[in-house]
Amino acid sequence: MKIVEFTKDKLEEYTNLINQSRADWPQYRRFTAEQVESMYLSNRTYNQKRHLLAYLEEVLVGEAIALVDSSNQDNSTHGILYCSVLPEYRNSGVGQQLVESIKKRLKQNDVKSLETYVPHDCEVSKKFYDKLEFTETEREIQLRFYLDKEALEVKKPAGIQIRQAVFPEDKKDFLNLWNTSYSSVDSVFSKMTSESFDEFINFPGVESCCFLATKEDSGKVVGIISNYFDPVYNKEKGVLEATIEMIAVEETYLRKGIGSGLTVKSLTWMQSHGIRVAQARVFSSKLNSIEFFKRNGFSVEKNIIVYKINLSN
Ligand SMILES: CC(C)(COP(=O)(O)OP(=O)(O)OC[C@H]1O[C@@H](n2cnc3c(N)ncnc32)[C@H](O)[C@@H]1OP(=O)(O)O)[C@@H](O)C(=O)NCCC(=O)NCCS
């Protein structure tokens with residue numbers, strides 16, 4: 001087997017590979033080359049990327065990618081890992097060699113840890129990462145809201161206006177609130193820069209919409225939410241799904257119905273686009289956020305295990 005570094009001329013070949021090798025991942029969405037480029041190659045949130053391809057007799061059979069954000073708050077460096085192998089080449093050591101090669105390269109660059117996400121019912125992946133000595137650290141809960149369930153009622157907290165965000169005008173406020181509300185979260189997700197926000201908001205091929213909650217008297221932004229759906233993916237999978245990507249309310253304005261107001265506004269936007277199911281993902285340790293979504297009619301559907309490995313010893 002030959003393991004080589006990814007180069008941009010292999011983008012089409014690579015996109016075809018991941019669309020085949022990840023097709024059986026639960027919730028896998030097919031990506032275009034343009035989306036792959038935006039997620040993995042140009043993505044500025046992660047200033048270090050390691051990207052390896054495995055060839056067997058000139059056939060591309062597997063890949064592993066590590067995205068590393070070296071600007072993380074605690075000054076240590078963490079990476080996110082994705083690895084996939086074509087079904088017919090699995091269970092023959094390809095994935096293991098790819099992950100070991102990625103680990104070696106990351107260690108040389110002083111990356112301290114690596115994490116990956118596995119659906120709790122995906123036994124093959126769990127076994128794979130167990131064997132590679134990753135350990136389960138946390139779970140992510142996926143919640144869903146079925147839009148045909150009940151008529152939505154728009155709640156409006158007193159003194160608060162909810163309106164659609166307009167970019168770039170609202171970018172600074174949106175980013176500020178997001179970064180302050182997330183600064184306490186211990187994970188690979190770090191502060192979003194202006195450039196990474198631009199990439200996030202202009203992700204190719206998706207319909208997105210952000211709303212803001214502002215104070216009626218001063219216009220101060222006290223809550224944000226962002227939503228998107230991928231019409232091509234929906235069509236291909238025969239589903240009508242959209243995702244609440246991020247939601248945050250400023251600390252001093254919590255428990256006043258602002259988060260609910262933003263959620264209802266987003267669900268209404270989704271309904272107007274024919275969406276049937278809204279989903280959100282929250283770390284299992286964030287009990288308040290889970291409670292919040294349940295209170296707003298979401299139900300817990302799936303959980304995803306976060307597996308981690310320490311590279312510093
Ligand atoms: C999740 C979040 C957006 C909720 O915003 P909010 O404006 O405080 O929520 P609401 O006032 O609309 O809450 C509605 C209901 O949700 C539940 N809820 C909200 N916050 C809760 C908390 N801290 N503890 C327990 N239940 C809570 C309650 O049932 C609440 O109704 P009640 O106040 O009448 O009891 C906010 O806590 C937040 O910004 N968290 C940090 C960011 C985050 O975790 N985002 C989610 C992942 S993307």
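Which helix supplies the largest share of the shell around the ligand? In this predicted model, that share comes from helix 9, which contributes five residues. The shell as a whole comprises 19 residues, and the closest to the ligand are Leu254, Gly259, Ser260, Asn288 and Arg295. Helix 9 spans residues 287–295 and is one of three elements that each supply at least two residues of the shell; the others are strand 10 (241–249) and helix 8 (258–272). By residue class, the shell divides into eight nonpolar, six polar and five charged residues.

Two of these elements also take part in a supersecondary unit. Strand 10, helix 8 and strand 11 form a β-α-β unit that is right-handed. Strand 10 and strand 11 run parallel and are joined by four bridges. In this pairing, Ile244 stands opposite Ala280 of strand 11.

Strand 11 also pairs with strand 6, which covers residues 135–146; here the two strands run antiparallel and seven bridges join them. Within strand 11, Gln279 is the bridge partner of Arg144.

The side chains of strand 11 deserve separate attention. In a regular strand, side chains alternate between the two faces of the sheet. Strand 11, residues 277–283, shows such an alternation: Ala278, Ala280 and Val282 point to one face and are buried. Val277, Gln279, Arg281 and Phe283 point to the other face and are not buried. Ala280, which lies opposite Ile244, thus belongs to the buried face, whereas Gln279, the partner of Arg144, belongs to the face whose residues are not buried.

Definitions and conventions
Residues numbered from 1 in each chain as written. Predicted model: local features only at pLDDT ≥ 70, side-chain atom pairs only at ≥ 80, totals over all residues. Near = placed C-beta within 6 Å. Nonpolar A, V, L, I, M, F, W, Y, C, P; charged D, E, K, R; others polar. Buried ≥ 20, exposed ≤ 12 C-beta atoms within 10 Å, placed from the backbone. Pairing = 2+ DSSP bridges. Right-handed = clockwise from strand over helix to strand, strands pointing away.
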